[in-house]
Amino acid sequence: MFDNLSDKILGTLKKVRGQGRISEKNIEDAIKEIRLSLLEADVNFKVVKSFIDSVKAKALGADVIDSVSPGQQFTKIVQDELTQVLGGEAVALDFKNSQPGQPSVIFLVGLQGTGKTTTAAKLALYLRQKHGKKPGLLPVDIYRPAAIEQLKTLAKQNNLPVFPSDPSRKPQELLESAKKWAKEEMIEVLLVDTAGRLQIDEELMSELKDLKQIWTPSEILLVADAMLGQQAVNVAEGFNKSLGLSGLILTKVDGDARGGAALSIRQATGVPIKFLGVGEKVGNLEVFHPDRLASRILDMGDVVTLVERAQEVIDEKDAKATAKKMARNEFTVEDFLKQIQMMKKLGGFESIMGMMPGMGQMMKGLKNMAPPEKEIKKIEAIIHSMTLKERHNHKLLNGSRRKRIAMGSGTEVSDVNKFIRQFEESRKMMSKLMKMGMGKGGFPGMGRGFPF
Ligand SMILES: Nc1nc2c(ncn2[C@@H]2O[C@H](COP(=O)(O)OP(=O)(O)O)[C@@H](O)[C@H]2O)c(=O)[nH]1
Ligand SMILES: [Mg+2]
């Protein structure tokens with residue numbers, strides 16, 4: 001996430017940390033570099049100025065220069081200021097007055113293509129899974145022919161209630177008639193997927209204002225594309241002025257957005273970021289925590305998010321049993337397959353590594369060693385071509401069995417050999433590590449049995 005910016009700031013901080021003694025000049029140079037990095041990342045210049053002013057005041061004012069570890073102190077100041085720029089505290093989604101049949105209403109607004117429809121489905125799923133609320137989806141984008149269908153399809157795929165909006169009716173009428181539906185369906189939170197435009201225009205704003213009158217929303221969330229950088233900030237300001245926004249959702253943060261939108265939008269608009277869209281799938285939504293994002297940018301990891309995600313997909317008992325097997329060197333190929341599947345559910349190897357302290361940088365070095373998705377697919381294919389008996393005891397794998405597996409998985413015997421060799425090596429290593437007790441403090445299910 002925001003790799004370029006992250007690299008640059010880290011480079012600067014590393015230089016500072018490398019110096020035993022720090023002079024005022026060192027600090028000023030570092031601050032200059034950070035300023036440049038932020039501007040290059042397309043952060044709004046006013047935001048950069050206030051950020052830099054406060055880092056400077058703290059760094060030169062505090063006892064950083066004489067302190068024992070000036071580099072770390074300085075890093076901490078940068079981290080704190082980043083957190084502040086991103087909003088300080090997390091602000092929760094407001095649906096507290098919701099009751100079955102009398103839902104809290106949340107409008108999703110924004111320009112075309114920013115991710116409103118996708119995000120509506122993501123939020124619905126989030127509300128159901130994390131808050132046990134019954135969500136309802138209401139598409140009112142009648143202008144683009146397939147827009148309503150898109151939301152209906154997403155809803156169907158995820159078994160989410162959706163209002164059967166008729167595109168020949170006006171958005172105002174649709175919202176009005178959804179009241180009865182929401183009551184009958186006992187909806188608790190209604191997510192309204194509104195129409196977008198290429199640019200902010202009066203017609204759209206007046207339609208949205210109408211909708212606000214018909215059913216007062218508890219939230220008006222602007223869905224903004226992080227890839228648009230500062231342009232997203234202008235859009236947010238426009239929407240906020242006309243409608244009053246209660247929150248922001250930044251999407252496509254998984255792409256190569258430079259960070260300008262994320263770092264500018266809160267300060268420039270005063271509106272809190274509430275969620276991040278981190279992928280196209282409906283599960284790719286993260287609650288926004290300023291401090292966690294600051295840590296991620298500074299490669300201090302976001303262990304909290306990682307653990308939260310892990311808790312969703314990992315069964316504690318399973319993990320313990322696996323760890324025990326590992327320590328005894330009894331870990332099987334079948335266990336290994338389960339680990340791969342879990343890893344995938346957690347968002348893949350790279351995404352996990354990005355959340356571990358220091359790993360973002362290390363990943364750069366590891367990139368060639370770490371298995372790309374393709375390699376993992378190959379390994380999966382190999383395992384799937386093994387019988388259960390073989391998976392439980394890979395020692396059975398003689399030449400002819402290996403040949404059969406290679407045939408079945410569309411790989412070469414050398415691939416099968418390589419996998420078995422890696423598997424055995426990592427099994428040995430894991431067993432040693434577990435015995436040394438290193439596995440105990442680790443993350444549930446992490447690093448157990450991954451031969452890379
Ligand atoms: N990579 C990525 N793509 C996203 C994200 N959110 C939405 N998209 C994609 O952006 C495109 C536009 O999304 P859509 O929901 O139709 O936007 P809308 O016009 O605002 O309703 C689609 O291809 C989505 O899959 C995200 O967080 N990450
Ligand atoms: Mg849409």
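Me: Why is Thr332 called buried in this model?

Reply: The model is a predicted one. Thr332 has a relative accessible area of 8%, and buried means under 20%, so Thr332 is called buried.

Me: Where is Thr332 placed among the helices?

Reply: Thr332 is in the loop between helix H13 (316-327) and helix H14 (333-345).

Me: Which residues is Thr332 in contact with, leaving aside its neighbours within four places in sequence?

Reply: They are Arg391, His392 and Phe423. Contact here means heavy atoms within 4.5 Å.

Me: What makes the approach of Gly113 to ligand 1 a polar contact?

Reply: A backbone N or O atom of Gly113 lies 2.7 Å from an oxygen atom of ligand 1. A polar contact is a pair of N or O atoms within 3.5 Å, therefore this pair qualifies. By the same cut-off, the backbone N or O atom of Thr114 that lies 3.3 Å from an oxygen atom of ligand 1 also makes a polar contact. For Lys116, a polar backbone atom is 2.8 Å from an oxygen atom of the ligand, so that pair is a polar contact too. The protein covers 81% of the 580 Å² of accessible area that ligand 1 has on its own.

Me: Which residues come nearest to ligand 1, and which helix gives the most to its shell?

Reply: Of the 18 residues around ligand 1, Gly113, Lys116, Thr117, Thr118 and Arg144 come nearest. Helix H5 (residues 116-131) gives the most to the shell, with four residues.

Me: How do the residues of the shell around ligand 1 divide?

Reply: Two are nonpolar, 10 polar and six charged.

Technical notes: Residues are numbered from 1 along each chain as its sequence is written. Chains are lettered from A and ligands numbered from 1 in the order in which they are written. This is a predicted model: local features need pLDDT of at least 70, side-chain atom pairs count only at pLDDT 80 or more; totals for chains, interfaces and linings use all residues. Side-chain values use heavy atoms; hydrogens and water are left out. Helices (H or I, at least four residues) and strands (E, at least two) are DSSP runs, numbered from the N terminus. Buried means under 20% relative accessible area, exposed over 50%, partly exposed in between (1.4 Å probe, protein chains only). A residue is near a molecule or strand if one of its heavy atoms lies within 4 Å of it. A polar contact is a pair of N or O atoms within 3.5 Å; within protein, one must be able to donate a hydrogen and the other to accept it, and residues adjacent in sequence count only if both atoms are side-chain atoms. Accessible areas come from the Shrake-Rupley method with a 1.4 Å probe; for residues, only the protein chains shown count as cover. Ala, Val, Leu, Ile, Met, Phe, Trp, Tyr, Cys and Pro count as nonpolar, Asp, Glu, Lys and Arg as charged, and the others, Gly among them, as polar.
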